[in-house]
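Please open the structure in your viewer and keep the sequence panel beside it, since this tour moves from one selection to the next. At each stop, select what is named before reading on.

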Amino acid sequence: MPEPLKNLIGETVVRETAAALSRAWPEFDRQAFLAEILPDLDNLELMQRSQSVAATMTRLLPQDFARSAAILRDCLPDNNRPGLSGWALLAFNQYIGANGLAHFETSLDLLKAITPHFTAEFGIRPFIAAERQRALAIVTGWISDPNHHVRRLASEGTRPRLPWAMRLPELIRDPSPLMPILTPLLDDPEDYVRRSVANSLNDIAKDHPDLVADFVARHRQDASAERLWLLRHASRTLVKKGHAGVLASFGFETAEGIKAGLSLKQTTIAFPGTLEFAVRLSNGSDKAQRLLIDYAIHHRKKDGSLSPKVFKGTSLTIGPDEAADLDRRHAFRPTTTRVYYPGLHRLELLVNGSPLASAEFHLDMKEDR
């Protein structure tokens with residue numbers, strides 16, 4: 001069994017945090033800190049553990065935030081001085097977000113100092129939510145920072161829909177203030193930064209598909225291999241949804257004269273099991289066509305309705321009056337991200353984003369056998 005995620009912040013991390021705070025501020029009540037946190041630690045999940053540490057810091061550190069900020073900074077590694085890094089600093093994020101809004105520049109500068117040792121993407125979001133224009137003006141200055149962790153914080157911390165973090169409704173509604181941050185980072189030398197830019201653009205695409213499609217089209221021209229990968233990764237949601245503009249940017253025009261056949265090896269799948277299917281594509285047009293072949297499984301939900309999820313397939317080029325045959329397998333296995341229900345499901349073949357064929361099958365769970 002894998003180690004529970006909550007153990008990323010365990011007793012050792014709490015004790016290391018107490019020791020670091022004591023070194024930075026000898027008046028810190030280390031025993032009270034440990035006595036308040038450790039007895040309930042096993043009963044808490046990861047984020048709850050971090051919040052418990054942050055709340056206890058709020059009670060035990062000086063009420064003068066400027067003084068507390070200096071203490072936290074002295075807990076970080078510096079040249080040959082050891083210090084805290086990793087998940088211990090999630091609580092620092094939460095402490096600063098909860099206590100530092102009245103000390104805007106001090107707080108953001110401290111989060112910038114933290115991020116080389118553990119991402120500060122959670123900490124900067126309360127500041128963006130409170131004073132978006134002011135916060136983004138500071139964050140924009142980070143895009144040319146020599147430290148790639150700081151540059152990555154500029155893109156990752158401003159993501160409208162960052163997982164595990166508070167959402168930023170104003171940027172969900174209008175992401176245009178993010179473009180001056182993301183655009184200069186398109187060709188960042190670090191993959192770590194470029195991947196973050198792609199994820200931010202993918203967030204934006206969920207609410208503003210045409211904006212991202214236009215962005216991709218503008219920046220695809222003469223793109224390096226690295227930028228091309230970024231744009232493709234940024235477009236993954238739009239590709240799955242068959243957005244015509246994005247597909248065209250990557251050479252997949254609307255399929256013309258393409259016929260598709262879909263056959264299932266079996267129409268009842270025992271769970272766990274594998275759906276095996278065959279695809280035949282034929283090109284009845286007078287030109288070669290580049291095709292993106294994906295498929296969607298329309299999963300049965302508890303109420304009996306069907307909900308589709310698109311899975312990546314392959315790409316190929318078919319010449320005029322030519323045909324191609326493909327064999328595919330899709331596994332149905334227990335997973336923590338989906339609950340399967342017995343009954344009718346549907347397989348749908350997508351060619352350049354358009355559904356061209358479908359077939360139904362029955363998922364047979366243990367309880368219905």
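Leaving aside its neighbours within four places in sequence, which residues is Ser68 in contact with? Select Ser68 and show what surrounds it: apart from those sequence neighbours, Ser68 is in contact with Leu61, Pro62 and Tyr95. Keep in mind throughout that this is a predicted model.

**Ser68 and its helix**

Ser68 is found in helix 4, and it counts as buried because its relative accessibility is 0%, where buried means under 20%. Now show the side chain of Tyr95 as well, and you will find that the side chain of Ser68 makes a polar contact with it at 3.2 Å.

Next, select the whole of helix 4, which covers residues 65–74, and colour Phe65, Ser68, Ala69, Ile71 and Leu72, which are buried. If you turn the view until you look down the axis of helix 4, these buried residues fall within an arc of 160°, so they line one face of the helix. To see what covers the buried residues of helix 4, add its surroundings, which include helix 1 (11–24), helix 3, helix 5 and helix 6 (104–114). Before leaving, look at the N-terminal end of helix 4, which is capped by Asp64, with a side-chain oxygen 3.2 Å from the backbone nitrogen of Ala66.

**The second largest pocket**

Helix 3 and helix 5 appear again at the next stop. The second largest pocket has a volume of about 170 Å³, and its lining includes Met47, Gln51, Leu90, Phe122 and Trp164. Helix 3 (46–60), helix 5 (90–99) and helix 7 (125–130) each supply at least two residues of this lining, and the largest share, 4 residues, comes from helix 5. If you colour the lining by class, you should find 7 nonpolar, 4 polar and 1 charged residues.

**The largest pocket**

Move on to the largest pocket, in which about 280 Å³ of space lies. It is lined by 15 residues, and the ones to select are those closest to its centre, namely Arg232, Val239, Phe252, Leu292 and Lys312. Helix 15 (236–240), strand 4 (289–300) and strand 5 (306–318) are the elements that give two or more residues to the lining of this pocket, with strand 5 providing the largest share, 4 residues. Coloured by class, the lining of the largest pocket has 5 nonpolar, 4 polar and 6 charged residues.

**An enclosed space**

How many cavities of 30 Å³ or more does the structure hold? The structure holds 1, and the volume of the largest cavity is about 60 Å³. To find it, select the residues that line it, among them Phe277, Ile293, Tyr295, Thr314 and Leu349. Strand 3 (273–283), strand 4, strand 5 and strand 6 (323–332) each give two or more residues to this lining, and strand 4 gives the most, with 3 residues. The classes here are 6 nonpolar, 2 polar and 2 charged residues.

**The whole protein**

Finally, clear your selections and zoom out until the protein fills the view, with its 16 helices and 8 strands. Its C-alpha trace spans about 80 × 55 × 35 Å along the principal axes. Of the 369 residues in the protein, 47% are buried, as Ser68 is. Among contacts with a separation of 6 or more, 67% are between residues 24 or more positions apart.

Methods:
Residues numbered from 1 in each chain as written. Predicted model: local features only at pLDDT ≥ 70, side-chain atom pairs only at ≥ 80, totals over all residues. Heavy atoms only, no water. 1 Å grid on protein atoms, 1.4 Å probe; cavity = no way out; pocket = protein on both sides within 12 Å on 5 of 7 lines; lining within 4 Å. Points joined across faces, edges and corners; volume = space filled by probe spheres on them. Nonpolar A, V, L, I, M, F, W, Y, C, P; charged D, E, K, R; others polar. Buried < 20%, exposed > 50% of the residue type's maximum accessible area, 1.4 Å probe, protein only. Arc of directions from axis to C-beta. Contact = heavy atoms within 4.5 Å. Polar contact = N/O pair within 3.5 Å; in protein donor to acceptor, adjacent residues only side chain to side chain.
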